[in-house]
Amino acid sequence: MNCRAEVLEVSVEGRQIEEAMLAVLHTILLHRSTGKFHYKKEGTYSIGTVGTQDVDCDFIDFTYARVSSEELDRALRKAVGEFKDALRYSGSDGIGQISLEFYQKKKSRWPFSDECIPWEVWTIKVNVVNLANEQERQICREKVGEKLCEKIINIVEVMNRHEYLPKMPTQSEVDNVFDTGLKDVQPYLYKISYQITDSLGSSVTTTMRRLIKDTLAL
Amino acid sequence: MDTDLNSQDRKDLDKFIKFFALKTVQVIVQARLGEKICTRSSSSPTGSDWFNLAIKDIPEVTHEAKKALAGQLPAVGRSMCVEISLKTSEGDSMELEIWCLEMNEKCDKEIKVSYTVYNRLSLLLKSLLAITRVTPAYRLSRKQGHEYVILYRIYFGEVQLSGLGEGFQTVRVGTVGTPLGTITLSCAYRINLAFISTRTSGEDNGAAYPSVEDSQEVCTTSFSTSPPSQCVFTVTKAHFQTPPPVLMDTLKVPMMGLAFSHQLSSSRLSYQPAALGVGSADMGYPVIFAGGLNAAHPHQLIVPGKEGGVPPVPSQPAHGTQADHERMVMCTPLDGALYSAATPSSSEDTETVSNSSEGKSGSPHDLLETIFVRKVGAFVNKPINQVTMASLDIPFAMFAPKNVELEDNDPMVNPPDSPDVESPLQGSLHSEGSSGSSTGNTHDDFVMVDFKPAFSKDDILPMDLGTFYREFQNPPQLSSLSIDIGAQSMAEDLDSLPEKLAVHEKNVKEFDAFVETLQ
C-alpha cells in the first residue's frame with residue numbers, strides 16, 4: 001500500500017502563518033477524527049460524538065470549522081508555533097513546509113519497536129512574504145482568505161475520494177490506528193513535522209522531537 | 001436494482017438518507033445564521049447524534065425540511081435543494097447559492113450500508129461543515145443585520161440554477177455510493193453580485209427568479225441579528241405574480257463577499273418594513289404568496305439567543321396561511337406603524353387650527369394667521385389686534401424691542417395688580433379682555449381662538465396652565481437692559497465705585513477666609 005501524499009502551497013505574511021496552518025491542519029483533522037470508541041462485548045463498539053466550532057482568524061479574512069477538542073487544538077498550536085518560530089528565526093528566506101502524517105503502527109516482535117507506516121501525508125509549503133504598508137496587508141488578508149478557501153475545497157475533494165482508510169480496529173488494536181489519548185475525540189494516529197529551507201535552497205532538516213522519538217525509540 | 005439489498009439494509013439506508021438530508025439542511029441553514037457555531041464533543045455516545053456529529057436541530061428548519069421532502073427521499077431526478085438568498089432592507093433580493101442533494105443511478109452494490117455508507121455520510125457532513133464556511137455567502141451572512149438579511153428556501157424536485165446569474169461556480173462537497181445510487185452533495189454559488197431589484201415591474205431582463213412548480217412546497221425564513229422590527233419579515237419568492245426582477249441598480253463588486261458587504265454598508269438605505277421588496281403590494285405581498293401556493297407557509301425563524309432581541313414567536317409555524325399572515329402583519333408594521341402615525345398627527349393639528357378659523361379667505365393666509373393667533377394666545381397676553389398685526393409682518397414680533405407702544409402701557413412690564421383682570425379663563429384674546437391700550441390698529445375680523453395649552457385640563461381653575469403661560473410668557477424686560485436705566489445705573493456705579501472699594505477693603509480678611517474654605 002502506497003502512502004497517499006497531498007501537497008498544498010500558500011504564501012502568507014509572517015503574522016498569518018499560525019492561523020493559516022491551523023486552518024488547514026484543523027480541516028484535515030476534522031475529517032480524520034471520530035468520536036471516542038466504546039467497545040462492548042461481542043466485538044461491537046459505539047462511537048462518541050464529535051462537536052465542531054467555528055474559528056475566526058484575526059489576520060486573515062477567513063473562518064474555519066474545527067473539532068471541538070481543546071487538547072487537539074493545543075497540540076496543533078504547539079506544533080504550528082514551533083514551525084512559525086523556526087521559520088522566522090532560522091535566517092532563511094521564509095520558505096518552509098509543515099507536514100501532517102497519518103500512520104498506523106505495526107506490531108513488531110521484540111526487541112524491535114513498532115513500525116510506523118504512513119498512509120496519508122499532507123504537506124503544506126509556506127512562503128512568507130514581507131509587506132511594505134498597511135494597504136498591502138489588507139489586500140493580503142483578503143487574498144490569503146481566498147487562497148485558504150481554495151485549499152479547503154482541495155482538502156474536501158481529496159477526503160471524499162474515499163481512498164484507503166485503515167479498517168476499524170478491534171479493541172486490542174485500537175491504539176495502533178487511533179490516538180486514544182484525547183478525552184473527547186479520537187483522531188487517527190498522526191505526527192507533525194516541518195522543514196525550513198535556507199536561502200541556498202537546500203533543505204535544512206530541523207530536529208523534530210516527536211519524529212525522532214517515534215521512529216528511533218527502542 | 002435493489003434485489004440484493006435485504007429489507008433491513010433497505011430500511012437502514014432509507015433512514016440514513018432521510019436523516020442525512022435533514023442534517024444537511026441544518027448545517028447549511030445554521031452556517032448562514034450569521035453566528036459562529038459551536039457544539040461540544042461528547043466521549044459518550046448520546047444515541048441521538050446522527051452520524052456521530054453534534055449538529056443541533058433547529059425545530060423549524062427540520063419542520064420545513066420535512067415539509068419540503070413530504071415523505072419522499074432524494075432520488076434520481078428528485079433533488080433536495082436549499083436556496084440561500086440575500087434580501088436588502090430596501091427589498092432587493094438576490095440568490096447567492098443553491099445546495100443540492102442529488103442521487104444518480106450509479107450504484108455500489110458491494111458497499112455495506114450500516115457501516116461504510118454511514119461513515120461516509122458522516123464524512124460528507126464534515127465536508128459540508130467545512131465547505132459552508134468557504135463560499136462567498138458565508139462572509140455575507142456573518143455581516144447581515146440592518147442592511148440585509150439572508151434567507152433560505154427548501155424545495156424538492158428539479159434543481160433551478162437560473163437565479164444565480166451568469167458564470168456561477170460549482171463546488172462538489174462529496175459523494176457517497178450506495179446500493180440504490182450515488183448521493184452527491186454540491187453547491188452552486190453566484191459570482192456576479194450585481195443587484196437585481198424586484199421593486200418595479202415591467203421589463204424582463206431575463207434574470208427571472210426561478211419558477212416553482214405548484215407541487216413544490218416553498219418557504220422562506222429570514223435569519224438576522226437585526227432588531228425584531230427588521231428581522232421578522234418573510235417573503236416567499238416563488239410567486240408567479242411577482243413582477244419580474246428588473247435590474248435597477250448595478251453594484252459592481254468583486255466576487256468575494258467581503259468587499260460586497262463593505263459596499264452595502266457604505267450605501268446604507270433606510271429600512272421600510274412595509275416595503276417588502278414587492279412594490280405596491282407591500283403588506284399584502286406575503287399573504288398573496290401564501291395563498292398562491294400549496295402549503296406555502298412563509299414563516300419566520302426565531303433563533304434563541306440571537307442579539308437584537310428577536311421577538312418571541314412560537315417556534316413551530318402556525319398552521320395555515322391565515323395564521324402566518326396575522327403573525328406577519330402583527331410583527332412587520334412595528335416600524336410602519338410609527339411611520340404612519342407620525343404623519344397624520346401634525347396634519348391633524350393643522351387642520352384643527354385651520355378649521356377653527358372662520359370667515360377667512362385664502363386658505364394659506366388663513367392658516368398663517370390662525371397659527372399666529374394661536375401662538376399669540378400661547379405666549380403673549382397682548383391685545384390681539386396689536387399682536388396679530390405684528391405677527392403678520394414679522395414672526396415672533398412680540399419678542400422684538402417694542403417701539404410701537406410705550407412700556408408703561410405694556411402690561412407685562414407693568415403687570416396689572418390682579419392677573420384675573422386679564423380674564424384668561426376662556427383663553428381668548430379679545431382686545432377687551434386685556435389691559436393696555438391699543439395702537440389703533442384694530443382688526444375686528446380676527447376670530448378669537450380658545451387657547452388650550454398642551455397637557456392642561458379645562459380652564460376650570462383660575463390659575464391654570466394657560467393662565468400661567470399668558471402671564472409669564474412675556475416677562476418684563478430687565479431694567480438693567482434698558483438703555484436709559486442701564487445708562488443711569490452705569491453712571492451711578494461709577495460714582496459709587498470708590499465707596500464700594502473701601503468697604504471691600506475693610507472686609508478683606510473675610511474674603512480671604514472664604515477663599516481658603518474653597519481651596
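Three salt bridges are counted between chain A and chain B in this predicted model. One of the pairs joins B:Arg142 to A:Asp56, with 2.7 Å between the closest N and O atoms. Polar contacts across the two chains come to 19 residue pairs, both partners being at pLDDT 80 or more.

Which elements of chain A supply at least two residues each to the side that touches chain B? They are helix H1 (17-31), strand S2 (33-35), strand S4 (45-47), strand S5 (52-56), strand S6 (63-67) and helix H3 (134-159). Of the contributions to this side of chain A, that of H3(A) is the most, at seven residues. Sorted by class, the side of chain A that touches chain B holds 14 nonpolar, 15 polar and nine charged residues.

The extent of the interface can be stated both in residues and in area. In residues, 38 of chain A are in contact with 37 of chain B. The size of an interface is often expressed as the accessible area that is lost when the parts come together. For chain A and chain B, the buried area is about 3,100 Å², and carbon and sulfur atoms give 55% of this area. Within the area that chain A buries against chain B, A:Thr49, A:Asp54 and A:His162 supply 21%, more than any other three residues.

The cysteines may be considered next. Over all chains, the count of disulfides is zero. A:Cys116 has a relative accessibility of 22% and therefore counts as partly exposed, since the class of buried residues ends under 20%. B:Cys107, with a relative accessible area of 26%, is likewise classed as partly exposed.

The account now turns to a position within chain A. A:Leu100 lies in strand S7, which spans residues 95-106 of chain A. Is this residue, A:Leu100, buried or exposed? Its relative accessible area is 0%, so A:Leu100 is buried. What surrounds A:Leu100, once its neighbours within four places in sequence are set aside? On one part of the list of contacts stand A:Leu25, A:Ile28 and A:Leu29; A:Glu120, A:Val121 and A:Trp122 are also in contact with A:Leu100, as are A:Tyr190, A:Lys191 and A:Ile192. A further relation concerns A:Thr123, which is 23 residues from A:Leu100 along the chain. The C-alpha atoms of A:Leu100 and A:Thr123 are 6.4 Å apart.

Definitions and conventions. Residues numbered from 1 in each chain as written. Chains lettered and ligands numbered in written order. Predicted model: local features only at pLDDT ≥ 70, side-chain atom pairs only at ≥ 80, totals over all residues. Heavy atoms only, no water. Contact = heavy atoms within 4.5 Å. Buried area = accessible area lost by both parts, 1.4 Å probe. Salt bridge = Lys/Arg side-chain N within 4 Å of Asp/Glu carboxyl O. Polar contact = N/O pair within 3.5 Å; in protein donor to acceptor, adjacent residues only side chain to side chain. Helix = DSSP H or I, 4+ residues; strand = E, 2+ residues; numbered from the N terminus. Nonpolar A, V, L, I, M, F, W, Y, C, P; charged D, E, K, R; others polar. Disulfide = S-S within 2.5 Å. Buried < 20%, exposed > 50% of the residue type's maximum accessible area, 1.4 Å probe, protein only.
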